[in-house]
Every structure is written in C-alpha cells, then in structure tokens.
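Me: I should be grateful for a close look at a single part of this structure. Please describe the pocket and then the elements connected with it.

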Amino acid sequence: MNPNVEKLEALLGVDFRVLASFGHIRDLPEKEMGLEPPTFAPKYVETERAKRTIKELKTAAGASDRVILATDPDREGEAIAWHLAHLLSIDPAARCRVRMYEITAKAVREAVSKPETIDQNRVDAQQARRILDRLVGYKLSPLLWKKVRSRLTAGRVQSVALRLIA
C-alpha cells in the first residue's frame, strides 16, 4: 500500500476511505495524434495501466456519500483531479477538490474542511502543454529516429515551440 494513503487514512479516521489513482488515468492515445481538428480538442483514453485502478475507484465512489479529490496541488495534479471527476461522474464545478501542501494532521483537516472547485485554468495550462508536446513532438520524434537514434523522443518541446511562435 502507498505510505501516503496509510498516513492520510490514519489522520482522517474511520469515516474516510483513501484510494490512490497513481498518477494520470487518462492520456492522449499512444499510436495516434489524439487531437480533433480544427480545434485540436484532445481525445483522451484510459491508460492501460490504470484500467484496474479506474474500476476500483468507480466502485468505491459509487458506494460513497461524497468523493474528495486530493491530487498534487500543481497543474498536473489539477488535471488528474479533472480526469477523475469526469470518470467518476463528479461535477468539476462542485466543491470536490482539496489541496494539501503537507501531510500533517492540521493541514489535512484544514484542507478537507474547505473543499474548493477544480481550477480550470490549471487544467487548461496542463492540457495546452500536453497538446503542444503532441503537436510538435509527435511529428518530430520520427525524424529523430531516422537521424539520431531509434525510439528517441522529442520530449518537452513547448519552450522551443513557444520561442519560434514568439
């Protein structure tokens, strides 16, 4: 079991059940661009490694009075919370999101007592980064395979692409 899950359960008590998503549960598809023209809207799919976790989370959410999403407080965590909300049929505009900056009794109780909405600006920022990576990296990586080394990826290319755009 995840040590943070155990610690959160101990701090929150028997009225709470804590489960982990273990990171991203949806992503752009591996073998295609995954962006719908003309808007470049992302087409998300459940990741293979997360299918069992998703099933477990859906079962637990269905048996719960309320679901609180407590992913990391950065843009990646916000996007994970947004994906979880969609998969678990939680309205992202609902106060379902808590942000913890430390796992101490005081910080956890305070965060849980003041749930917020999912920050769509952070979600959009993460999606923009991911889409830009895909638009540039997806096309650039095959060139790297031919010219440099097989299976090499362009990786994080948004800074270079933004400099070119500017």
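Reply: In this predicted model, the largest pocket holds about 1100 Å³ of space. Its lining consists of 38 residues, and those closest to the centre of the pocket are V18, L19, I68, L69 and A70. Three elements each give two or more residues to this lining: helix 1 (3-12), helix 2 (51-62) and helix 3 (75-87). Sorted by class, the lining residues comprise 24 nonpolar, seven polar and seven charged ones.

Helix 1 may be considered next. At its N-terminal end, N2 acts as a cap, with a side-chain oxygen that lies 2.8 Å from the backbone nitrogen of N4. Beyond the other end, helix 1 is followed by G13, which has a positive phi, near 90 degrees.

Which residues of helix 1 are buried? They are V5, L8 and L12. These residues lie on the same side of helix 1, because the arc that they cover around the axis is only 65 degrees. The partner against which the buried residues of helix 1 pack is helix 4 (105-113). On the face turned away from this buried side, helix 1 carries the exposed residues P3 and A10.

Helix 3, another contributor to the pocket lining, contains E76. Is E76 buried or exposed? The relative accessible area of E76 is 23%. A residue counts as buried under 20% and as exposed over 50%, so E76, at 23%, is classed as partly exposed.

The surroundings of E76 include parts of the chain that are distant in sequence. G23 and E76 are separated by 53 residues in sequence, yet their C-alpha atoms are 8.8 Å apart in space. When neighbours within four places in sequence are set aside, the residues in contact with E76 are H24, Q126 and R129. With H24 the link is a polar contact between the two side chains, at 2.5 Å.

R129, one of the residues in contact with E76, leads to a further residue. The side chain of R129 also takes part in a polar contact with the side chain of D133, at 2.7 Å. D133 belongs to helix 5 (residues 120-147). Its relative accessible area is 6%; since buried means under 20%, D133 is classed as buried. R129 is therefore a shared partner: E76, which is partly exposed, is in contact with R129, and D133, which is buried, makes a polar contact with the side chain of R129.

Methods. Residues are numbered from 1 along each chain as its sequence is written. This is a predicted model: local features need pLDDT of at least 70, side-chain atom pairs count only at pLDDT 80 or more; totals for chains, interfaces and linings use all residues. Side-chain values use heavy atoms; hydrogens and water are left out. On a 1 Å grid over the protein atoms alone, a cavity is a set of points where a 1.4 Å probe fits but cannot get out, and a pocket is an open set with protein on both sides within 12 Å along at least five of seven lines; lining residues have an atom within 4 Å of a point. Grid points are joined across faces, edges and corners, and a volume is the space filled by probe spheres set on the points. Helices (H or I, at least four residues) and strands (E, at least two) are DSSP runs, numbered from the N terminus. Ala, Val, Leu, Ile, Met, Phe, Trp, Tyr, Cys and Pro count as nonpolar, Asp, Glu, Lys and Arg as charged, and the others, Gly among them, as polar. Buried means under 20% relative accessible area, exposed over 50%, partly exposed in between (1.4 Å probe, protein chains only). A polar contact is a pair of N or O atoms within 3.5 Å; within protein, one must be able to donate a hydrogen and the other to accept it, and residues adjacent in sequence count only if both atoms are side-chain atoms. The arc is that of the directions from the helix axis to the C-beta atoms. Contact means heavy atoms within 4.5 Å.
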